[in-house]
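Please read these notes beside the model. They go from the whole chain to single residues.

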Amino acid sequence: MKNRLYYISLAGIMLALLIVCSQLTIPLPVIPLTLQTFAVGLLASILPLRYSLQTILVYLLLGFIGLPIFANFKGGLGVLFSNTGGYLLGFLVYVIIVGSLVIKKQTFGWLLVANSLGALIQLLCGSLWLLVISDINLENALLLGVPFLLPGAVKVILVCICAQIYYREFTKRSAKV
């Protein structure tokens, strides 16, 4: 029960962080650059998969019912059918990939592999979504994701650093209990 309460509390904190990071935006022509993926990677790296998925599902549900929690204070079901819809849904895949991989080990290298794979697949989901909702070909849809590779790599490294700090501190505190 104690661990459950801890993870529910941590999930709430991570949801709040995700909402705040969604508003830290650099507007770009088609898709804004935000810190959303940083928050998604971090919550996927430190929460058990079940709680990570629940957190992302709550985030998406709150946004799709109209709360302005997505990038640039957008919300509503229309966001799902916009250019960013696939990237948002890709958060679910990101969390599943990272949560499935880091359950085995939480070394920096393994976190880097898991988050890199999760971030790349999430970008691919967004690009494929653009292919479906826009009148563009596959090459152009994939090229729209290219500008996000470098900032994505920086965010993945920051996620790994922050997750390692969390693991170190959590291990210290749980040893004292």
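The numbered points below cover the fold, one helix, a pocket, the cysteines and some backbone angles.

1. Status and overall fold. The model is predicted. The chain has 7 helices and 2 strands, and from one end of the sequence to the other they come in the order α-β-β-α-α-α-α-α-α. Its radius of gyration is 16 Å, close to the 16 Å given by the globule rule for 177 residues, so the chain is as compact as a globular protein of that length.

2. Dimensions and packing. Taken along the principal axes, the box filled by the C-alpha atoms is roughly 55 × 35 × 25 Å. Of the 177 residues, 41% count as buried. Among contacts between residues at least 6 apart in sequence, 70% join residues at least 24 apart.

3. Helix H2. How many of the residues of H2 are buried? The count is 11 of 11, and the helix is mostly covered. The buried residues of H2 include Phe-38, Val-40, Leu-42, Leu-43 and Ile-46, and also Gln-36, Thr-37 and Ser-45. As general background, an α-helix has 3.6 residues a turn, so residues three or four places apart point the same way.

4. Thr-37. This residue is placed in helix H2. Its relative accessibility is 16%, and it therefore counts as buried, the cut-off being under 20%. Setting aside residues up to four places away in sequence, Thr-37 touches Phe-91, Tyr-94, Gln-122 and Lys-155.

5. Phe-91. The contact from Thr-37 leads to Phe-91, which lies in helix H4. Phe-91 is buried, with a relative accessible area of 2%. Leaving out neighbours within four places in sequence, its contacts are Gln-36, Thr-37, Val-40, Ile-56, Tyr-59 and Gln-122. Gln-36, Thr-37 and Val-40 are among the buried residues of H2. Phe-91 and Leu-149 are 58 residues apart in sequence, and their C-alpha atoms are 16 Å apart in space.

6. Largest pocket. Its volume is about 570 Å³. Which residues are closest to its centre? Of the 36 lining residues, they are Ile-31, Pro-32, Thr-34, Tyr-87 and Phe-148. Two or more lining residues come from each of strand E2 (33-34), helix H2 (36-46), helix H4 (85-102), helix H5 (108-133) and helix H7 (149-176). By class, the lining is made up of 23 nonpolar, 11 polar and 2 charged residues.

7. Gly-152. This glycine lies in helix H7, one of the elements that give two or more residues to the pocket lining. Gly-152 counts as buried at 18% relative accessibility. Its C-alpha atom is separated by 15 Å from that of Ser-127, 25 residues away along the chain.

8. Cysteines. How many disulfides does a search of the whole structure find? The result is 0. A disulfide is a covalent bond between the sulfur atoms of two cysteines. For Cys-21, the closest cysteine sulfur is in Cys-162, at 9.8 Å, which is too far for a bond because a pair has to be within 2.5 Å. For Cys-125, the closest cysteine sulfur is in Cys-160, at 19 Å, again too far for a bond. The two starting residues can also be described by accessibility: Cys-21 is buried, with a relative accessible area of 4%, whereas Cys-125 is partly exposed, at 25%.

9. Positive phi angles. Where in the chain is Asn-72 found? Asn-72 is in the loop between helix H3 (49-64) and H4. Its phi is near 60°, a positive value in a residue other than glycine. Phe-73, which is found in the loop between H3 and H4, has a positive phi of about 55° although it is not a glycine.

10. Accessibility in that loop. Are Asn-72 and Phe-73 buried or exposed? Asn-72 counts as partly exposed, at 38% relative accessibility. Phe-73 has 59% relative accessibility and so counts as exposed, for which the cut-off is over 50%. By contrast, Phe-91 in H4 is buried at 2%.

Terms used
Residues are numbered from 1 along each chain as its sequence is written. This is a predicted model: local features need pLDDT of at least 70, side-chain atom pairs count only at pLDDT 80 or more; totals for chains, interfaces and linings use all residues. Side-chain values use heavy atoms; hydrogens and water are left out. On a 1 Å grid over the protein atoms alone, a cavity is a set of points where a 1.4 Å probe fits but cannot get out, and a pocket is an open set with protein on both sides within 12 Å along at least five of seven lines; lining residues have an atom within 4 Å of a point. Grid points are joined across faces, edges and corners, and a volume is the space filled by probe spheres set on the points. Helices (H or I, at least four residues) and strands (E, at least two) are DSSP runs, numbered from the N terminus. Ala, Val, Leu, Ile, Met, Phe, Trp, Tyr, Cys and Pro count as nonpolar, Asp, Glu, Lys and Arg as charged, and the others, Gly among them, as polar. Buried means under 20% relative accessible area, exposed over 50%, partly exposed in between (1.4 Å probe, protein chains only). The radius of gyration is taken over C-alpha atoms; the globule rule is 2.2 Å times the number of residues to the power 0.38. Contact means heavy atoms within 4.5 Å.
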